[in-house]
Number of protein chains: 2
Amino acid sequence: MNRREEIIDVAQRLLEVEGPESLTMRRLADELGIQAPSLYKHVSGKSEIEAALQQRALRQLTEALAGTPDLPALAAAYRRWALAHPRLYELSTRQPLARDRLAPGVEVEAAAAVLRLAGGDLPTARAIWGMAHGLVDLELAGRFPPGADLDEVWRRAVTTFSASRAPDPDGRVGPGAAGRAGG
Amino acid sequence: MNRREEIIDVAQRLLEVEGPESLTMRRLADELGIQAPSLYKHVSGKSEIEAALQQRALRQLTEALAGTPDLPALAAAYRRWALAHPRLYELSTRQPLARDRLAPGVEVEAAAAVLRLAGGDLPTARAIWGMAHGLVDLELAGRFPPGADLDEVWRRAVTTFSASRAPDPDGRVGPGAAGRAGG
DNA sequence: CTCTCATGGCTAACGCTGTTAGCCCAATGG
DNA sequence: CCATTGGGCTAACAGCGTTAGCCATGAGAG
């Protein structure tokens with residue numbers, strides 16, 4: 001059990017420091033001083049390692065988001081974590097989630113935070129989530145032109161959602177203390 | 001020259017129909033009735049094929065976006081194209097753009113459209129772009145819960161940006177030449 | 001008509017990947 | 001004292017992208 005954790009640890013370090021092309025079963029084994037096939041005594045395959053890393057990533061991201069008082073702070077924390085752990089973020093996003101392996105509530109927790117800050121409106125919360133993910137993804141993929149002022153983009157993105165306090169058609173308007181906080 | 005086009009054609013079909021794991025040099029050669037090494041007489045490597053597919057994807061996406069009169073139509077066209085060509089969209093996004101190979105103006109053109117619909121404000125245009133990409137990316141990766149009403153999410157996203165006609169704090173409502181909103 | 005040479009195939013092979021089969025040693029527990 | 005099992009090992013397989021080098025065909029030049 002302990003060896004498994006050790007394997008995941010080394011895998012994370014390898015991924016974050018040397019990039020995904022270095023996260024190889026043989027390389028991983030080398031780093032642990034054993035042979036590649038021995039890894040399979042602790043782990044079912046590479047995909048399990050990746051799933052574990054995804055789980056870690058989501059947990060850490062969630063923790064980084066915890067306690068942010070308003071939308072600007074939440075957005076800033078999201079972007080900050082993603083830029084600090086780009087490979088981990090990318091890995092965690094390029095997989096169908098593996099909901100079964102996921103510690104229950106990890107994602108729900110983060111989602112709840114966004115939802116609260118979105119004034120309780122689920123579609124708005126998801127739109128915000130999508131925007132945050134999209135901006136990070138484009139930035140990490142290097143798809144913005146070199147000189148782009150991304151701080152300003154995020155500021156604009158956040159203020160747009162802060163300004164228009166979702167006029168819910170069915171009247172369920174979150175009075176959301178957070179609503180005005182960032183405004 | 002013609003054979004090269006044929007190769008890219010088959011590669012696109014293979015990618016779109018059977019998925020990225022089937023887009024293999026040997027499989028591609030099989031499909032063309034030749035041996036894998038013969039492909040290198042027309043193409044420098046797999047990465048060149050992928051770059052060509054990325055270029056095609058961006059061109060087609062741009063065309064799909066052309067002529068959309070307003071933000072809702074633009075967003076709908078964006079999402080529609082991405083969902084119709086998921087593998088192509090994914091491939092085109094998981095690469096640093098290959099700006100050199102890109103037909104000049106292809107992306108700038110699309111960027112200009114977004115910029116115009118964003119009232120000429122560059123950061124807002126980029127925020128919109130990020131949101132559209134993020135929502136599509138999350139949807140394609142299957143990261144929304146099964147029952148999520150994504151139509152509603154997009155509606156909310158679009159109306160949010162439509163509602164708040166960016167009141168720039170310093171009055172800088174850029175007439176902003178279409179320079180480059182996209183990267 | 002012949003010679004040359006580029007075009008576009010071919011086979012063999014290399015080094016890499018994830019993964020499986022099967023062996024073996026050491027420690028633990030009845 | 002013996003059995004079981006945990007955790008290592010080597011050998012090997014199939015598949016990946018890619019390179020080296022050989023050979024047939026066809027077109028243009030002398």
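Author: A polar contact is a pair of N or O atoms within 3.5 Å, and that cut-off is applied here to a predicted model.

Reader: How far is the polar backbone atom of B:Met25 from a phosphate oxygen of DNA strand D?
Author: The pair joins a polar backbone atom of B:Met25 to a phosphate oxygen of DNA strand D. A polar contact requires N or O atoms within 3.5 Å. The separation given for the B:Met25 pair is 2.8 Å.

Reader: Which residue has a side-chain N or O atom 2.7 Å from a base nitrogen of DNA strand D?
Author: DNA strand D is surrounded by 16 residues, and among the nearest are A:Arg3 and A:Gln35. A:Ser38 reaches a phosphate oxygen of this strand through a polar side-chain atom, at 3.1 Å. The base nitrogen, by contrast, is 2.7 Å from a side-chain atom of B:Arg26.

Reader: What part of DNA strand C lies 2.8 Å from a polar side-chain atom of A:Arg26?
Author: A:Arg26 is one of the closest of the 16 residues that surround DNA strand C. The side chain of A:Thr24 has an N or O atom 3.1 Å from a phosphate oxygen of that strand, and a polar backbone atom of B:Gln35 is 2.5 Å from a phosphate oxygen. For the polar side-chain atom of A:Arg26, the partner at 2.8 Å is a base nitrogen.

Reader: Of the atoms of DNA strand C within 4 Å of the protein, what percentage belongs to sugar or phosphate?
Author: The surface near DNA strand C has 6 nonpolar, 5 polar and 5 charged residues. On the side of the strand, the atoms within 4 Å of the protein divide between bases and sugar or phosphate, the latter accounting for 43%.

Key. Residues are numbered from 1 along each chain as its sequence is written. Chains are lettered from A and ligands numbered from 1 in the order in which they are written. This is a predicted model: local features need pLDDT of at least 70, side-chain atom pairs count only at pLDDT 80 or more; totals for chains, interfaces and linings use all residues. Side-chain values use heavy atoms; hydrogens and water are left out. A residue is near a molecule or strand if one of its heavy atoms lies within 4 Å of it. A polar contact is a pair of N or O atoms within 3.5 Å; within protein, one must be able to donate a hydrogen and the other to accept it, and residues adjacent in sequence count only if both atoms are side-chain atoms. Ala, Val, Leu, Ile, Met, Phe, Trp, Tyr, Cys and Pro count as nonpolar, Asp, Glu, Lys and Arg as charged, and the others, Gly among them, as polar.
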